[in-house]
Amino acid sequence: MIILLEDLWKIYPMGKLEVRALKGVNLRISEGEFVSVAGPSGSGKTTLMNIVGLIDSPSRGDLIIDGREIKAQSRGGLTRMRRELIGFVFQSFNLLPVLSVFENVELPLIIGKRGGSKAGRRERVEYLLEEVGLAERRKHRPAELSGGQQQRVAIARALVTRPRIIIADEPTANLDSASGEKVLGLMKKINREEKTTFLFSSHDSVIWQMADHVVFLHDGNISSEQRR
Ligand SMILES: Nc1ncnc2c1ncn2[C@@H]1O[C@H](COP(=O)(O)OP(=O)(O)O)[C@@H](O)[C@H]1O
Ligand SMILES: [Mg+2]
């Protein structure tokens, strides 16, 4: 079990009120699974993705990633886990506009100081740009690419440190359906070839039907799960 959630709650304080975004979620994900979180807007998908991606913390309950209890980690330990285990893909791509495609993908290797030599970094980045079909665009700026191309750059960036888990929050929501299916197809290929565990959310049934494990989220609860 690479991801384990037990009775996980997220409560956002809102002045005197509170929003219960996750209400006791239980979830088990095995290594190598291709999992989709399906649910309408407001059901808690982003909250769940941010918590499992270690960007946000739960209010209550247990989160265990790769056998490590999150509550037991120091701040430094959490940062290390996030850098070493997890790649994150955002709905709005979040590429840095002043950097080229190549530099955007290379950046996590420089920040994490785990990229080795300049030549080693270059080899990894070029391999991934080839994988996502954007080798010829390496010198372009993000603004010169289509949305689908930008999201493929973001996937290459998420993969560059060889994370075991990729978390993608509505990665296709800002794409037309053809580009969205291409991005999903690319994620599936990486899942098959590298056994990377994927957890991605979507409100679109065409997208979640491409998963082999679908988790239906409704109002902060898992209403059902489907495995194929
Ligand atoms: N930072 C926040 N502060 C207060 N309420 C929030 C915050 N983020 C999300 N919420 C609320 O939590 C619920 C779940 O939101 P979210 O996780 O963004 O759902 P989804 O991604 O499925 O649209 C919603 O009711 C939303 O308004
Ligand atoms: Mg969301």
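Two strands are taken to pair if DSSP finds at least two bridges between them. On that basis, β7 and β8 of this predicted model pair in the parallel sense over four bridges. In this pairing, Ala168 has Phe200 of β8 as its bridge partner.

The two strands belong to an open sheet of six strands. The order is β6-β7-β8-β3-β9-β10, and the pairing is mixed. Strands β6 (86–89) and β10 (221–227) form the edges, each pairing on one side only. From one strand to the next the twist averages 15°. At one edge, β6 runs parallel to β7, and four bridges join them. Phe88 stands opposite Ile167 of β7 here. At the other edge, β10 pairs with β9 (residues 213–218) in the antiparallel sense, over six bridges. Within that pair, His213 lies opposite Arg227 of β10.

Helices pack on this sheet. Helix α1 (residues 45–52) lies across five strands: β3 (34–38), β6, β7 (165–168), β8 (197–202) and β9. The direction of α1 is at about 155° to β8. Helix α2 (residues 75–85) also packs on the sheet and touches β6 and β7. Its direction makes about 75° with that of β6. A further helix, α6 (residues 177–194), joins with β7 and β8 in a right-handed β-α-β unit.

Strand β7 has buried side chains on both sides. Ile165 and Ile167 point one way, Ile166 and Ala168 the other, and all are buried. Two of these residues have already appeared in bridges: Ile167 faces Phe88, and Ala168 is partnered by Phe200.

Aromatic contacts were examined next. The count of aromatic pairs comes to four. Phe88 and Phe90 have ring centres 4.7 Å apart and planes at 35°, so this pair is tilted. The tilted class covers planes that are neither under 30 degrees apart nor over 60. The two residues fall in separate burial classes. Phe88 has a relative accessible area of 12%. Because buried means under 20%, Phe88 is buried. Phe90, at 28%, is partly exposed.

Trp208 and Phe216 form an edge-to-face pair, 5.7 Å centre to centre and with 90° between the planes. Both Trp208 and Phe216 are buried. Ring pairs also link Phe34, Phe198 and Phe200 into a cluster. Phe200 is thus named twice, in this cluster and as the bridge partner of Ala168. A ring also takes part in a contact with a charge. The charged end of Arg60 sits over the ring of Trp9, at 4.7 Å from the ring centre.

Helix α3 (residues 101–111) was examined for burial. Its buried residues are Val101, Phe102, Asn104, Val105, Glu106 and Leu109. An α-helix has 3.6 residues a turn, so residues three or four places apart point the same way. What covers the buried residues of α3 includes α4 (118–131) and α5 (147–159). After α3 comes Lys113, with a positive phi near 50°.

Key. Residues numbered from 1 in each chain as written. Chains lettered and ligands numbered in written order. Predicted model: local features only at pLDDT ≥ 70, side-chain atom pairs only at ≥ 80, totals over all residues. Heavy atoms only, no water. Axes fitted to C-alpha atoms, helices over the stretch in contact; angles between N-to-C directions. Contact = heavy atoms within 4.5 Å. Phe/Tyr/Trp six-rings, centres within 6.5 Å; stacked < 30°, edge-to-face > 60°. Buried < 20%, exposed > 50% of the residue type's maximum accessible area, 1.4 Å probe, protein only. Lys NZ or Arg CZ within 6 Å of the ring centre and 35° of its normal. Right-handed = clockwise from strand over helix to strand, strands pointing away.
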